[in-house]
Amino acid sequence: MKLKGTVFKYGDNVDTDVIIPARYLNTPNHQELASHCLEDLDATFTKRVKPGDIIAADSNFGCGSSREHAPIAIKASGVSAVVAKSFARIFYRNAINIGLPIVECDAQIDEGDQIEIDFDNGKLHNITKNQSSDFAPFPDFLQNIIAAGGLLNSISGGKA
Amino acid sequence: MGMTMTQKILAAHCGKQSVKAGEIIMADVDLALGNDITAPVAINEFNKTDCKKVFDKNKITFVLDHFTPNKDIKSAEQCKQTRDFAQQMGIVNFFDVGEMGIEHALLPEKGLVVAGDLVIGADSHTCTYGALGAFSSGVGSTDLAAAMATGKIWLKVPPAIRFNLTGQLPSHVYGKDLILQIIGMIGVDGALYKSMEFTGEGVKTISISDRLCIANMAIETGAKNGIFPVDQKTLDFIKEHSSRQPVVYQADDDAEYEQVIDIDLSQVKQTVAFPHLQENTRTFDDMPEIRIDQVVIGSCTNGRLEDLQVAAEIMHGKKVAKGIRVIIIPATQKIYLEAIELGLIRTFIEAGCVVSTPTCGPCLGGHMGILAKGERCIATTNRNFVGRMGHTESEVYLASPAVAAASALAGKIVPAV
């Protein structure tokens, strides 16, 4: 799988409270969650985001609450992938479980950069900066979940 | 190479003699937890599968604690969906308003978790039960849905950091101060993906209530779990609350730890975490004057009876500072009743506090104590992120019930004396 998109760049410790504030957790509706995505960190995100855009961040992305509403809001916003230097563990598993592509990679990426991610070969190419970085592919077990389109598909043979 | 306590519990739950850090396993779940925010997402996912029944109606628990009593129509719909599903599936341990308490205070009290269990919960503070010698970890709603369907969870076996505790905490210093100090020391991703294993002679001096508080905040360092060895205090607690038999696991003598951190408990000081990260800790050796608007004493971190007793002792016969709103939230109905019987609730009300039904409410900015722009709160809760308790320009300071109670009387952040 290859993805190409324009980057929204954030810093360290982007917590799930700012990705989707608890005041909006009274609904599991994906589009409604997306309409408030990152609102408390970047009030303009929902107005600017376009399908295929990529979020890049520094370390510990998605820390805090286990709310799956956070990766759901990001995915339903049209974001195609999240790249970070590291992910908080519950966000990491939630993203894999719901089929939101994530990449752990220590690449130099800035707001507005165009990047291309080659998941099969573990390559991230920053088109704007003309720089390439490698990242470790997921273990086979996780690749199978991703290939199935999420955890429930992987356990129910694609019926979920 | 031997295994840590966490690794031993994981090995026993995936039918292996041994497991190694980094290995991915499919483990059997003894208890899977959801609440009124995370269960609806899980139920929607579960309903997409072919499953007509949950894997075991005794091993799933739902606690309606976050936005309850229902704060608005949408919250009411989420609770109704969870309630209807629980009834349809015959979920035995379903806790609605009247029976419910804050989930991580409620489950140990109801005896639903014992040493040796593997517990997953669609709530990040599920790591609390490590205090009882269980492996417990927060996961997402899809994980909960899969566990409801299959009784299994995928887990990457974590490496560990060992915290070797010696000595005893000084007076007015509690488990909350210790865990805040640890977070300040290693940072909010200092134990990312790892288990925090608390060991050493000092453990026996720490109460079960304080161990629950410490394990509860393991997630605030990014940890997968926090765990305490099982001792007589643990066994007495479990015997008092549960009819189930605990299984005691011990780390091997040659268990591998990525890091060992020695902590002399007698040197721990009253600690406050400043906005907007829990690692921004300060002691009163280095404390500017911080005036406050609100105080919250409660939550899964510090809403147990011992916490309320500490706060009531400080407030007894005194009045909260004029203009300060003080919200006391007993974490469960049982705690609430015991606090009434012990006269703690009278103390709080006479001091000028309000006392709420059990709810997670203000901790996550849900309801029952939301902050306006520019307001400051000192809270015994666990997170102080931007906008956590209300407006993005409000501030949350995290502390023990003792510091919160003393601050309520002073109108500014002060130590308990």
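Is M196(B) buried or exposed? In this predicted model, M196(B) counts as buried because 31 other C-beta atoms sit within 10 Å, and the cut-off for that label is 20 or more. You'll find M196(B) in strand 9 of chain B, which covers residues 195–199. Leaving aside residues up to four places away in sequence, M196(B) touches I161(B), F163(B), A191(B), A218(B), T221(B), A223(B) and G226(B). As for I219(B), 23 residues separate it from M196(B) in sequence, and the C-alpha to C-alpha distance between the two is 9.6 Å.

Now let's turn to a pair of helices. Packed helices are generally described by two things, the angle between their axes and the distance between those axes. For helix 2 and helix 5 of chain B, the axes come within 8 Å and cross at roughly 55 degrees. That angle makes helix 2 of chain B oblique to helix 5 of chain B, and their crossing is right-handed. On the helix 2 side of chain B, the residues that meet helix 5 are T38(B), V41(B), A42(B), E45(B) and F46(B); their partners in helix 5 are S141(B), T142(B), L144(B), A145(B), M148(B) and A149(B). Sorted by class, the residues of this contact are seven nonpolar, three polar and one charged.

Both helices turn up again where the chains meet. There, 45 residues of chain B are in contact with 38 residues of chain A. Helix 2 (38–46), helix 3 (73–89) and helix 5 (141–150) of chain B each give two or more residues to the side that touches chain A, with helix 5 of chain B supplying the largest share, seven residues. By class, that side of chain B has 18 nonpolar, 16 polar and 11 charged residues.

Conventions
Residues numbered from 1 in each chain as written. Chains lettered and ligands numbered in written order. Predicted model: local features only at pLDDT ≥ 70, side-chain atom pairs only at ≥ 80, totals over all residues. Contact = placed C-beta atoms within 7 Å. Helix = DSSP H or I, 4+ residues; strand = E, 2+ residues; numbered from the N terminus. Nonpolar A, V, L, I, M, F, W, Y, C, P; charged D, E, K, R; others polar. Buried ≥ 20, exposed ≤ 12 C-beta atoms within 10 Å, placed from the backbone. Axes fitted to C-alpha atoms, helices over the stretch in contact; angles between N-to-C directions. Parallel < 35°, antiparallel > 145°, perpendicular 65-115°, else oblique. Left-handed = near helix turned anticlockwise from the far one by under 90°.
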